[in-house]
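This report concerns the pockets and the nonpolar surface of one protein model. The sequence and structure are shown first.

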Amino acid sequence: SIDFHTQLSDYQQYLLALQQTGATVQQAEPQFFPLQQLRGSFEYLEIVGAVLAIVIGYSLVAKEKYRGTLRLLFSRPIGLLDVATGKIAALGTVWLIVLVPLGLVMTATLLFVGGATLSAMEVAKLVLSLGDAWVYLMFWSTLALGLASFTRQLSTPLVICFIFWLTACLMLPLIGNRLDPDH
(Lines give C-alpha, C1' and ligand atoms only; values in the text may rest on other atoms or scores of the structure.)
Protein backbone atom coordinates (compact mmCIF):
# COMPACT_ATOMS: atom_id res chain seq x y z
CA SER A 1 0.00 0.00 0.00
CA ILE A 2 2.83 2.38 0.88
CA ASP A 3 4.61 1.45 -2.35
CA PHE A 4 1.44 2.13 -4.35
CA HIS A 5 0.93 5.52 -2.71
CA THR A 6 4.55 6.38 -3.52
CA GLN A 7 4.01 5.37 -7.15
CA LEU A 8 0.80 7.40 -7.28
CA SER A 9 2.57 10.45 -5.84
CA ASP A 10 5.36 10.09 -8.41
CA TYR A 11 2.76 9.77 -11.17
CA GLN A 12 0.95 12.92 -10.02
CA GLN A 13 4.26 14.81 -10.03
CA TYR A 14 4.88 13.44 -13.52
CA LEU A 15 1.45 14.72 -14.65
CA LEU A 16 2.10 18.12 -13.11
CA ALA A 17 5.46 18.39 -14.91
CA LEU A 18 3.80 17.39 -18.20
CA GLN A 19 1.03 19.96 -17.78
CA GLN A 20 3.61 22.69 -17.22
CA THR A 21 5.47 21.76 -20.41
CA GLY A 22 2.32 21.13 -22.46
CA ALA A 23 3.33 17.57 -23.37
CA THR A 24 0.94 14.62 -23.56
CA VAL A 25 0.73 11.78 -21.06
CA GLN A 26 2.73 8.73 -22.14
CA GLN A 27 2.66 6.69 -18.95
CA ALA A 28 -0.40 4.91 -17.57
CA GLU A 29 -1.61 5.67 -14.07
CA PRO A 30 -0.50 3.05 -11.53
CA GLN A 31 -3.28 0.73 -10.46
CA PHE A 32 -3.80 -0.74 -7.02
CA PHE A 33 -4.97 -4.34 -6.76
CA PRO A 34 -5.75 -4.86 -3.07
CA LEU A 35 -6.03 -8.66 -3.25
CA GLN A 36 -2.43 -8.88 -4.46
CA GLN A 37 -1.44 -7.61 -1.03
CA LEU A 38 -2.73 -10.89 0.41
CA ARG A 39 -0.56 -13.13 -1.77
CA GLY A 40 1.99 -13.65 1.00
CA SER A 41 -0.74 -14.49 3.50
CA PHE A 42 -2.11 -17.20 1.25
CA GLU A 43 1.38 -18.57 0.64
CA TYR A 44 1.90 -18.87 4.39
CA LEU A 45 -1.51 -20.47 4.69
CA GLU A 46 -0.50 -22.94 1.99
CA ILE A 47 2.68 -23.93 3.80
CA VAL A 48 1.94 -23.58 7.51
CA GLY A 49 -1.71 -24.52 7.10
CA ALA A 50 -0.88 -27.73 5.27
CA VAL A 51 1.62 -28.77 7.92
CA LEU A 52 -0.93 -28.08 10.67
CA ALA A 53 -3.65 -29.85 8.70
CA ILE A 54 -1.52 -32.96 8.32
CA VAL A 55 -0.56 -33.00 12.00
CA ILE A 56 -4.13 -32.39 13.20
CA GLY A 57 -5.65 -34.98 10.87
CA TYR A 58 -3.01 -37.52 11.85
CA SER A 59 -3.35 -36.87 15.56
CA LEU A 60 -7.13 -37.39 15.51
CA VAL A 61 -6.59 -41.09 14.94
CA ALA A 62 -3.03 -41.64 16.15
CA LYS A 63 -3.78 -40.56 19.72
CA GLU A 64 -6.76 -42.89 19.93
CA LYS A 65 -4.76 -45.77 18.46
CA TYR A 66 -1.91 -45.16 20.88
CA ARG A 67 -4.15 -44.94 23.94
CA GLY A 68 -6.32 -47.87 22.85
CA THR A 69 -9.51 -45.82 22.93
CA LEU A 70 -10.24 -46.64 19.29
CA ARG A 71 -10.84 -50.29 20.20
CA LEU A 72 -13.11 -49.20 23.03
CA LEU A 73 -15.00 -46.92 20.67
CA PHE A 74 -15.58 -49.74 18.19
CA SER A 75 -16.76 -52.08 20.94
CA ARG A 76 -19.88 -49.92 21.07
CA PRO A 77 -22.65 -50.14 18.46
CA ILE A 78 -21.11 -47.33 16.42
CA GLY A 79 -20.34 -47.85 12.77
CA LEU A 80 -16.98 -47.20 11.15
CA LEU A 81 -18.58 -44.72 8.77
CA ASP A 82 -20.16 -42.83 11.69
CA VAL A 83 -16.79 -42.37 13.36
CA ALA A 84 -15.10 -41.28 10.13
CA THR A 85 -17.92 -38.88 9.28
CA GLY A 86 -17.78 -37.38 12.78
CA LYS A 87 -14.04 -36.84 12.60
CA ILE A 88 -14.24 -35.29 9.13
CA ALA A 89 -17.11 -33.03 10.25
CA ALA A 90 -15.03 -31.97 13.25
CA LEU A 91 -12.09 -31.16 10.96
CA GLY A 92 -14.35 -29.15 8.68
CA THR A 93 -15.68 -27.18 11.63
CA VAL A 94 -12.21 -26.52 13.02
CA TRP A 95 -10.93 -25.22 9.68
CA LEU A 96 -14.04 -23.09 9.25
CA ILE A 97 -13.51 -21.62 12.72
CA VAL A 98 -9.91 -20.82 11.75
CA LEU A 99 -10.56 -19.43 8.26
CA VAL A 100 -13.54 -17.15 8.97
CA PRO A 101 -11.67 -14.97 11.51
CA LEU A 102 -8.57 -15.12 9.31
CA GLY A 103 -10.62 -13.78 6.39
CA LEU A 104 -12.03 -11.03 8.58
CA VAL A 105 -8.53 -10.06 9.74
CA MET A 106 -7.31 -10.02 6.13
CA THR A 107 -10.21 -7.82 5.08
CA ALA A 108 -9.77 -5.47 8.04
CA THR A 109 -6.06 -5.21 7.31
CA LEU A 110 -6.73 -4.29 3.70
CA LEU A 111 -9.36 -1.73 4.65
CA PHE A 112 -7.81 -0.06 7.66
CA VAL A 113 -4.06 -0.55 7.37
CA GLY A 114 -3.76 -0.70 3.59
CA GLY A 115 -6.34 2.00 2.95
CA ALA A 116 -7.90 -0.10 0.20
CA THR A 117 -11.50 -0.24 -0.87
CA LEU A 118 -12.90 -3.59 -1.90
CA SER A 119 -15.48 -4.00 -4.61
CA ALA A 120 -18.14 -6.69 -4.43
CA MET A 121 -16.17 -8.72 -6.97
CA GLU A 122 -13.01 -8.53 -4.84
CA VAL A 123 -14.92 -9.59 -1.73
CA ALA A 124 -16.36 -12.51 -3.71
CA LYS A 125 -12.84 -13.47 -4.86
CA LEU A 126 -11.59 -13.31 -1.28
CA VAL A 127 -14.44 -15.50 -0.05
CA LEU A 128 -13.83 -17.92 -2.92
CA SER A 129 -10.11 -18.04 -2.08
CA LEU A 130 -10.90 -18.77 1.55
CA GLY A 131 -13.27 -21.53 0.39
CA ASP A 132 -10.43 -22.96 -1.69
CA ALA A 133 -8.17 -22.77 1.36
CA TRP A 134 -10.80 -24.69 3.37
CA VAL A 135 -10.89 -27.43 0.72
CA TYR A 136 -7.08 -27.49 0.65
CA LEU A 137 -6.80 -27.84 4.43
CA MET A 138 -9.56 -30.44 4.51
CA PHE A 139 -7.76 -32.47 1.84
CA TRP A 140 -4.52 -32.68 3.83
CA SER A 141 -6.31 -33.33 7.13
CA THR A 142 -8.51 -36.03 5.63
CA LEU A 143 -5.57 -37.66 3.86
CA ALA A 144 -3.58 -37.82 7.10
CA LEU A 145 -6.64 -39.06 8.99
CA GLY A 146 -7.29 -41.78 6.41
CA LEU A 147 -3.69 -42.95 6.28
CA ALA A 148 -3.46 -43.00 10.08
CA SER A 149 -6.61 -45.11 10.17
CA PHE A 150 -5.35 -47.78 7.79
CA THR A 151 -1.71 -48.20 8.75
CA ARG A 152 -0.30 -50.16 11.68
CA GLN A 153 2.82 -48.09 12.33
CA LEU A 154 1.97 -44.72 13.84
CA SER A 155 4.84 -42.85 12.14
CA THR A 156 4.19 -44.16 8.60
CA PRO A 157 1.14 -42.01 7.71
CA LEU A 158 2.86 -38.84 8.89
CA VAL A 159 5.92 -39.52 6.78
CA ILE A 160 3.84 -40.47 3.72
CA CYS A 161 1.71 -37.32 4.01
CA PHE A 162 4.72 -35.04 4.33
CA ILE A 163 6.49 -36.67 1.39
CA PHE A 164 3.35 -36.35 -0.73
CA TRP A 165 2.87 -32.72 0.34
CA LEU A 166 6.50 -31.80 -0.32
CA THR A 167 6.33 -33.42 -3.73
CA ALA A 168 2.95 -32.04 -4.81
CA CYS A 169 3.15 -28.53 -3.38
CA LEU A 170 6.82 -27.63 -3.28
CA MET A 171 8.91 -29.77 -5.61
CA LEU A 172 6.65 -30.13 -8.66
CA PRO A 173 5.90 -26.38 -8.92
CA LEU A 174 9.64 -25.64 -8.71
CA ILE A 175 10.38 -28.17 -11.43
CA GLY A 176 7.59 -26.66 -13.54
CA ASN A 177 9.07 -23.18 -13.12
CA ARG A 178 12.50 -24.41 -14.14
CA LEU A 179 11.10 -26.02 -17.30
CA ASP A 180 9.23 -22.85 -18.28
CA PRO A 181 11.14 -21.24 -21.18
CA ASP A 182 10.07 -17.73 -20.07
CA HIS A 183 12.03 -17.94 -16.81
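The following paragraphs describe two pockets and then a surface patch.

The model is predicted. The two pockets are set side by side in the table.

| Pocket | Volume | Lining by class |
|---|---|---|
| Largest pocket | about 250 Å³ | nine nonpolar, three polar and two charged residues |
| Second largest pocket | about 210 Å³ | seven nonpolar, one polar and four charged residues |

In the largest pocket, 14 residues make up the lining, and Phe74, Leu80, Ala84, Ser149 and Phe150 lie nearest its centre. Four elements each give two or more residues to this lining: helix H2 (39-67), helix H3 (69-74), helix H4 (80-113) and helix H5 (120-150).

The lining of the second largest pocket includes Leu35, Leu38, Arg39, Phe42, Leu45 and Glu46, and also Lys125, Leu126, Ser129, Asp132, Ala133 and Tyr136. At least two residues of this lining come from each of H2 and H5. H5 provides the largest share, with six residues.

On the surface, a nonpolar patch is formed by Tyr44, Ile47, Val48, Leu52, Leu166, Leu170, Met171, Leu172 and Ile175, which together have about 830 Å² of accessible area. H2 and helix H6 (156-179) are the elements that give two or more residues to the patch, and the largest share, five residues, belongs to H6.

Met171, one of the patch residues, is found in helix H6. Its relative accessible area is 47%. Met171 therefore counts as partly exposed, since that class lies between the limits of 20% and 50%.

Definitions and conventions
Residues numbered from 1 in each chain as written. Predicted model: local features only at pLDDT ≥ 70, side-chain atom pairs only at ≥ 80, totals over all residues. Heavy atoms only, no water. 1 Å grid on protein atoms, 1.4 Å probe; cavity = no way out; pocket = protein on both sides within 12 Å on 5 of 7 lines; lining within 4 Å. Points joined across faces, edges and corners; volume = space filled by probe spheres on them. Nonpolar A, V, L, I, M, F, W, Y, C, P; charged D, E, K, R; others polar. Patch = residues over 30% accessible without salt bridge, like charges linked within 9 Å, V, L, I, M, F, W, Y side chains within 5 Å. Areas by Shrake-Rupley, 256 points an atom, 1.4 Å probe, with all protein chains shown as cover. Salt bridge = Lys/Arg side-chain N within 4 Å of Asp/Glu carboxyl O. Buried < 20%, exposed > 50% of the residue type's maximum accessible area, 1.4 Å probe, protein only.
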